[in-house]
Amino acid sequence: DFGTPRSRATETVTLEIDGFPVTVPAGTSVMRAAAEAGISVPKLCASDNLDAFGSCRLCLVEIEGRAGTPASCTTPVTPGMKVRTQTPKLKQLRRGVMELYISDHPLDCLTCAANGDCELQDMAGAVGLRDVRYEAVENHFTPRNAGGDLNPQWMAKDESNPYFTYDPSKCIVCSRCVRACEEVQGTFALTIEGRGFDSRVSAGMASDSFLTSDCVSCGACVQACPTATLQEKSIIEIGTPERAVVTTCAYCGVGCSFKAE
Ligand code: FES
């Protein structure tokens, strides 16, 4: 898992990551260069087959001579660049980011279908998050006050699709599903609606369901989801399979994958 797609450039760039020299094709992200050198940088919104988006802010790094802490997934390598991925400051920043994510997430891991196969859970462990200082009695889809109640439909679980469920309360709005729908499937069925605490993934207007949307049930969004927001019904019903075989259809250029469990 390298975090961002491979660069196809023929020229190469040599840089230094955590003191090690690394040579990668020009155009490679700092995150991918680190991964190719065996250095793992925490991430949530980046994925091998999607364009980098830079929304989760977990993959921050320090670059000598550069102010701030840029996201390694959206920062391309440059010759002679000196990158640090594991300083005390970065570790503290990542724990702070994860703490905010977890404070706005249902704390039902033990009964969640994704328990043990959840990137949010994995990353919380990877950055060393042990406690959340903010009260986790609400999440972003809980009605907040008498005057500002959200439309219940806005918060409702969508189980209309025969193959998967959509639970907005578990969404971290990383946009991986939206990008997978666009970049992998080319369907453009999903979007992000709203702002701030009201933002959520939508398959159309708030009153629409996945079933009545342009969704073609390819599963690219489910595969891209790092939490249990989009979850296969078969996993909810019978649990995670011990073994799975993935076959890629060669019929057209889309490359749909079918998983036999
Ligand atoms: Fe880089 Fe999310 S992985 S910002």
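## A walk through a predicted model

Let's start with one cysteine: C177 sits in helix α5, which covers residues 176-185. Keep in mind that the model we're looking at is predicted. Is C177 buried or exposed? C177 counts as buried, because its relative accessibility is 7% and the cut-off for buried is under 20%. Skipping its neighbours within four places in sequence, C177 is in contact with L190, V201, C221, A224 and L230. Then there's V222: C177 and V222 are 45 residues apart in sequence, yet from C-alpha to C-alpha they are 6.9 Å apart in space.

Now zoom out. The protein has 261 residues, and 44% of them count as buried. Its secondary structure comes to 7 helices and 10 strands. What about contacts between residues with a separation of 6 or more? Residues 24 or more positions apart account for 60% of those contacts. On the outside, the protein exposes about 13,900 Å², and carbon and sulfur atoms supply 52% of that area.

Next up is a sheet. Four strands form an open sheet with mixed pairing, in the order β2-β1-β4-β3. Which strands are at the edges? They are β2 and β3 (62-63), and each of these pairs on one side only. Here are two of the pairings in this sheet:

| Strands | Direction | Bridges |
|---|---|---|
| β1 and β2 | antiparallel | 6 bridges |
| β1 and β4 (residues 82-84) | parallel | 2 bridges |

You can follow these pairings residue by residue. On one side, V13 has V24 in β2 as its bridge partner. On the other, I17 stands opposite V83 in β4. β1 and β2 also make a hairpin, with 2 residues between them. Look at D18 in that turn: its phi is positive, at about 50°.

I17 and V83 turn up again inside the protein. The largest nonpolar core has 21 residues, and L15, I17, A33, V77 and V83 have the most contacts inside it. Where do the core residues come from? β1 (12-17), β2 (20-25) and α1 (30-36) each supply at least two of them. The largest share comes from α1, with 4 residues. Apart from this core lies another one, made of 19 residues, including C56, C112, M123 and A228.

V83 is worth a second look. Leaving out neighbours within four places in sequence, V83 is in contact with L15, E16, I17, D18, V30, V61, E62 and I63. One of these contacts is D18, which we met in the turn of the hairpin.

Last stop: the aromatic rings. How many aromatic pairs does a search of the whole structure find? It finds 2. F164 and F210 form an edge-to-face pair, with ring centres 5.3 Å apart and 85° between the planes. Why edge-to-face? The angle of 85° earns that label because planes over 60 degrees apart count as edge-to-face. This pair links distant parts of the chain, since F164 and F210 are 46 residues apart. F164 belongs to strand β5 (residues 164-166), while F210 lies in the loop between β7 (200-202) and α6 (220-224).

Are these two rings' residues buried or exposed? F164 is buried, because its relative accessible area of 3% is under the 20% cut-off. F210 counts as buried too, at 3% relative accessibility. Finally, Y166 joins in: ring pairs link F164, Y166 and F210 into a cluster.

Key
Residues numbered from 1 in each chain as written. Predicted model: local features only at pLDDT ≥ 70, side-chain atom pairs only at ≥ 80, totals over all residues. Heavy atoms only, no water. Core = buried A, V, L, I, M, F, W, Y, C linked by side-chain atoms within 4.5 Å. Buried < 20%, exposed > 50% of the residue type's maximum accessible area, 1.4 Å probe, protein only. Contact = heavy atoms within 4.5 Å. Phe/Tyr/Trp six-rings, centres within 6.5 Å; stacked < 30°, edge-to-face > 60°. Pairing = 2+ DSSP bridges. Areas by Shrake-Rupley, 256 points an atom, 1.4 Å probe, with all protein chains shown as cover.
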